[in-house]
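What follows is a walk through one protein model, from its overall form to single residues. Please keep the sequence and the coordinates at hand while reading.

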Amino acid sequence: AMIYINGIFVAENLNGYSNFYVYLDGYLHYGEENEIKVIVNNSAVPNSRWYSGSGIYRNVNLLVGEKIHILADGIKITTTAIVNNTALLETSINLRSIVRSKEPISIHVQFVKDDIVYGEETINLVMYPMVNETVLSRINISNPKLWDCDHPELYTCVITLICGTEIYEIQKIQFGIRIITVDSKNGMLINGKEVKLR
């Protein structure tokens, strides 16, 4: 895939099986009509061992964000421990600033289930000009309802990005609280219980 913006070659992706992202900011004519082309030429490089077809057969999306925003696929939620009926959840949030000045921001992280807030934290920081930043949040959840194969309990992580008094972005991600381990002695364990793979 080759991506052109207003006739300028911007990026290419040689793997038709994986997703990819292209930042358009520096190539757009603001206030005017812009042309974005995604061109697929399957004859340009040798094909994989299986014929993958030719053309665009995955989603193509235009993502629009504020001057400070959460990167696409930029949120990761990990259950780091479950001890004494308390789960420690770590949320990693990847941010990007495309402005040329420092901006104070706040990130509010909430864990919600059935309209009840089980844990929350607000992180205040300064985003420096034209940088990517990773923010970590660690929140304990008491008496968590754990995800397993028979009871796929889901929580929702709500992340709100605030600059001054303006809400820049809200993202909601469903996830399960669980710890999965795999080793040669015990096989696969979910929350310490053996699970047979068939």
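Of the 198 residues in the protein, 30% are buried. The model is a predicted one, and every value below is computed from it.

The secondary structure is simple to state: the protein has 13 strands and 0 helices. Read along the sequence, the pattern is accordingly β-β-β-β-β-β-β-β-β-β-β-β-β. The radius of gyration is 21 Å, whereas the globule rule gives 16 Å for 198 residues, so the protein is more spread out than a compact globule. Along the principal axes, the C-alpha atoms fill a box of roughly 60 × 50 × 25 Å.

Some further totals describe the chain as a whole. The exposed area of the protein is about 13300 Å², and 50% of this comes from carbon and sulfur atoms. There are 17 positive and 21 negative charges, and their mean positions lie 8 Å apart. When contacts between residues at least 6 apart in sequence are considered, 55% of them join residues at least 24 apart.

The start of the chain is a convenient place to begin with local detail. Strands β1 and β2 run antiparallel and are joined by 4 bridges. One pairing to look at is that of Ile-3 with Ala-11, which stands opposite in β2. The two strands form a hairpin with 2 residues between them. Asn-6 is found in this loop, between β1 (2–5) and β2 (8–12). Its phi is near 50°, a positive value in a residue other than glycine. Asn-6 is partly exposed, with a relative accessible area of 24%.

Is Ile-3, in the strand leading to that turn, buried or exposed? Ile-3 is in β1, and because its relative accessibility is 5%, below the 20% limit, it counts as buried. Leaving aside neighbours within four places in sequence, the residues in contact with Ile-3 include Ile-8, Phe-9, Val-10 and Ala-11. Phe-20, Val-22, Lys-37 and Val-38 are also among its contacts. Ile-36 is 33 residues away from Ile-3 in sequence, yet the two C-alpha atoms are 7.2 Å apart in space.

Further along, Glu-66 sits in the loop between β3 (36–39) and β4 (68–83). Its relative accessible area of 33% makes Glu-66 partly exposed. Outside the four places on either side in sequence, Glu-66 is in contact with Ile-98, Glu-166 and Tyr-168. The C-alpha atom of Val-117, by contrast, is 27 Å from that of Glu-66, with the two positions 51 residues apart along the chain.

Next comes the pairing of β4 with β5. Strand β5 covers residues 86–97 and runs antiparallel to β4, with 11 bridges joining them. Ala-81 has Leu-88 in β5 as its bridge partner. The hairpin of β4 and β5 has 2 residues between the strands, and Asn-84 takes a positive phi near 50° there. Strand β5 also pairs with β8, in the antiparallel sense and over 11 bridges. In that pairing, Thr-86 stands opposite Ser-142 in β8. β5 is thus bridged to β4 and to β8.

Beyond β8 (132–142), Asn-143 lies in the loop that leads to β9. This residue, too, has a positive phi near 50° without being glycine. At 53% relative accessibility, Asn-143 counts as exposed.

Strand β9 (residues 155–163) then pairs with strand β10 (residues 166–175), antiparallel and over 9 bridges. Within this pairing, Leu-161 has Glu-169 in β10 as its bridge partner. The two strands make a hairpin with 2 residues between them, and Gly-164 in the turn has a positive phi of about 70°.

Which residues are in contact with Thr-160, leaving aside its neighbours within four places in sequence? Thr-160 is in strand β9, and its contacts are Ser-106, Ile-107, His-108, Ile-167, Glu-169 and Ile-170. At 11% relative accessibility, Thr-160 counts as buried.

Technical notes: Residues numbered from 1 in each chain as written. Predicted model: local features only at pLDDT ≥ 70, side-chain atom pairs only at ≥ 80, totals over all residues. Heavy atoms only, no water. Rg over C-alpha atoms; globule rule 2.2 N^0.38 Å. Buried < 20%, exposed > 50% of the residue type's maximum accessible area, 1.4 Å probe, protein only. Contact = heavy atoms within 4.5 Å. Areas by Shrake-Rupley, 256 points an atom, 1.4 Å probe, with all protein chains shown as cover. Lys, Arg positive; Asp, Glu negative; His and termini not counted. Charge placed at Lys NZ, Arg CZ, Asp CG, Glu CD. Pairing = 2+ DSSP bridges.
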